[in-house]
Amino acid sequence: MCFVDLYVLYVNECVLILKSKLFVFHTKMFAISRSLRMSRCLSGFRRGLSLSCQSGPRILAAIDFDRTIVEEDSYLAVSRLLPTRQRQELQEQIRKSGWLAFIARVLQLLHGEHKVNSASVGMLVRRLPAVPGMLRVVRRLARNPKVDLCIVSDANSFFIGEWLREYAIECLFAGVFTNPACVQSSGEVLVLPYEEQGHCELCPSNFCKGAVLEELICSGKYERVIYVGDSCNDLCAMKRLREKDVACIRRGFELFGKLAAHGRDLNCHVLTWRDGHELEELLMPKIVA
Ligand SMILES: [Mg+2]
Ligand SMILES: [Zn+2]
């Protein structure tokens, strides 16, 4: 089977999932991504979960991507490739149409009107700066044999994959739960919804982070869960955490601002952090190898 056939299969699978509205672990999507190395790393998440049964109690560290691993919002950063007026008009629609529709239109205009191809989009994403100290946190967590690391993000598999490859850290993650994306034969990046959900008002219709966490916790594999994030759809995931789990909320960002109102909804231990250096200092003592 040639490379193009793999892409056709990939896109067809995305469309099938869209139609059937099934809840799917999208690590599967990576199985036929451009990078075979990447796919080998990321398609093993379910296998990793089952292996963890044999090695005693484990810890899950689930981390958001935008403004948690990378300092910027990747969708807003990519939209800056558009002329200012066009970008501002699209941004005004985010509240009404949502972030997924926003980035879909941005990518469509970049490719169709401005002849910006996927390589240029990927290059911009690869240059997004990490939150200071966060790469060190990720590497330290990954070195702990008890810890399974995953990303839970409303960005997309193309952006996240590009960024992880830039730092050669893709293999540190047992799974990436995000909106599937692929590069079409025309060169346009296509982003599809992770799911179509109507049960959760905290999250956008394309992705409920809490449902992902719920499924991972209900697997019974994890003695403790750590969740690191900055915004209100991270709150949905954090609300699923148990007393022994830890929610790590970034100070100075959206969710921290609403902590006074929503803090009582959390049953878990809460710590707040400003950058990766502080997170490392506060979190590592709670994780004994
Ligand atoms: Mg975020
Ligand atoms: Zn939700």
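In the predicted model, strand 7 directs Val246, Cys248 and Arg250 to one side and Ala247 and Ile249 to the other, and every one of these residues is buried. Because five of the five residues of strand 7 are buried, the strand is largely enclosed by the rest of the structure. Isoleucine 249 lies in this strand, which spans residues 246–250. The residue has 26 C-beta neighbours inside 10 Å and therefore counts as buried, the cut-off being 20 or more. Beyond its neighbours within four places in sequence, isoleucine 249 is in contact with Leu255, Phe256, Leu259, Val270 and Thr272. The C-alpha atoms of isoleucine 249 and glycine 229 are 5.5 Å apart, with a sequence separation of 20 residues.

Strand 7 belongs to an open sheet of six strands, ordered 3-2-1-6-7-8 and paired in parallel. Strand 3 (175–179) and strand 8 (269–273) form the edges, each pairing on one side only. On average, neighbouring strands of the sheet are turned by 15 degrees against each other, direction ignored.

Within this sheet, strand 1 and strand 6 run parallel and are joined by six bridges. Leucine 60 has valine 225 of strand 6 as its bridge partner. Strand 6 comprises residues 222–229 and is mostly covered, with seven of its eight residues buried. The parallel pairing of strand 6 with strand 7 extends over four bridges. Here the bridge partner of isoleucine 226 is valine 246 in strand 7, while tyrosine 227 stands opposite alanine 247 of strand 7. Strand 7 is in turn joined to strand 8 by five bridges, and the two run parallel. Alanine 247 stands opposite valine 270 in strand 8. Helix 10 packs on the sheet, where it touches strand 2 (147–156) and strand 3, and its direction makes about 130 degrees with that of strand 2.

Helix 10 (residues 157–166) also packs against helix 8, at an angle of about 60 degrees and with the axes 8 Å apart. Helix 8 is therefore oblique to helix 10. The crossing of these two helices is right-handed. On the side of helix 8, the residues that meet helix 10 are Gly122, Val125 and Arg126, and their counterparts in helix 10 are Phe159, Glu162, Trp163 and Glu166. Sorted by class, the contact between helix 8 and helix 10 contains three nonpolar, one polar and three charged residues.

A second helix pair is formed by helix 9 (residues 134–143) and helix 15 (residues 276–283), which pack at an angle of about 35 degrees with their axes 7 Å apart. The crossing of helix 9 and helix 15 is left-handed. Helix 9 contributes Met134, Arg136, Val137 and Arg140 to the contact, and helix 15 contributes Gly276, Leu279 and Glu280. By class, three nonpolar, one polar and three charged residues make up the contact of helix 9 with helix 15.

Backbone geometry was examined next. Most residues other than glycine have a negative phi. Arginine 67, although not a glycine, has a positive phi of about 65 degrees. This arginine is placed in the loop between strand 1 (58–63) and helix 4 (74–79). Arginine 67 counts as partly exposed because 18 C-beta neighbours lie inside 10 Å. Lysine 115, likewise not a glycine, has a positive phi of about 55 degrees. The loop that holds lysine 115 runs between helix 7 (99–112) and helix 8 (118–126). With 9 other C-beta atoms within 10 Å, lysine 115 is exposed, the limit for that class being 12 or fewer.

Over the whole chain, there are 15 helices and eight strands. Of its 289 residues, 43% count as buried. Among contacts in the chain with a separation of 6 or more, 66% are between residues 24 or more positions apart.

Methods:
Residues are numbered from 1 along each chain as its sequence is written. Chains are lettered from A and ligands numbered from 1 in the order in which they are written. This is a predicted model: local features need pLDDT of at least 70, side-chain atom pairs count only at pLDDT 80 or more; totals for chains, interfaces and linings use all residues. Two residues are in contact if their C-beta atoms, placed from the backbone, lie within 7 Å. Axes are lines fitted to C-alpha atoms, for helices over the stretch in contact, and angles run from 0 to 180 degrees between N-to-C directions. A crossing is left-handed if the near helix is turned anticlockwise from the far one by less than a right angle, and right-handed if clockwise. Ala, Val, Leu, Ile, Met, Phe, Trp, Tyr, Cys and Pro count as nonpolar, Asp, Glu, Lys and Arg as charged, and the others, Gly among them, as polar. Angles under 35 degrees count as roughly parallel, over 145 as roughly antiparallel, 65 to 115 as roughly perpendicular and the rest as oblique. Two strands pair if DSSP finds at least two bridges between them.
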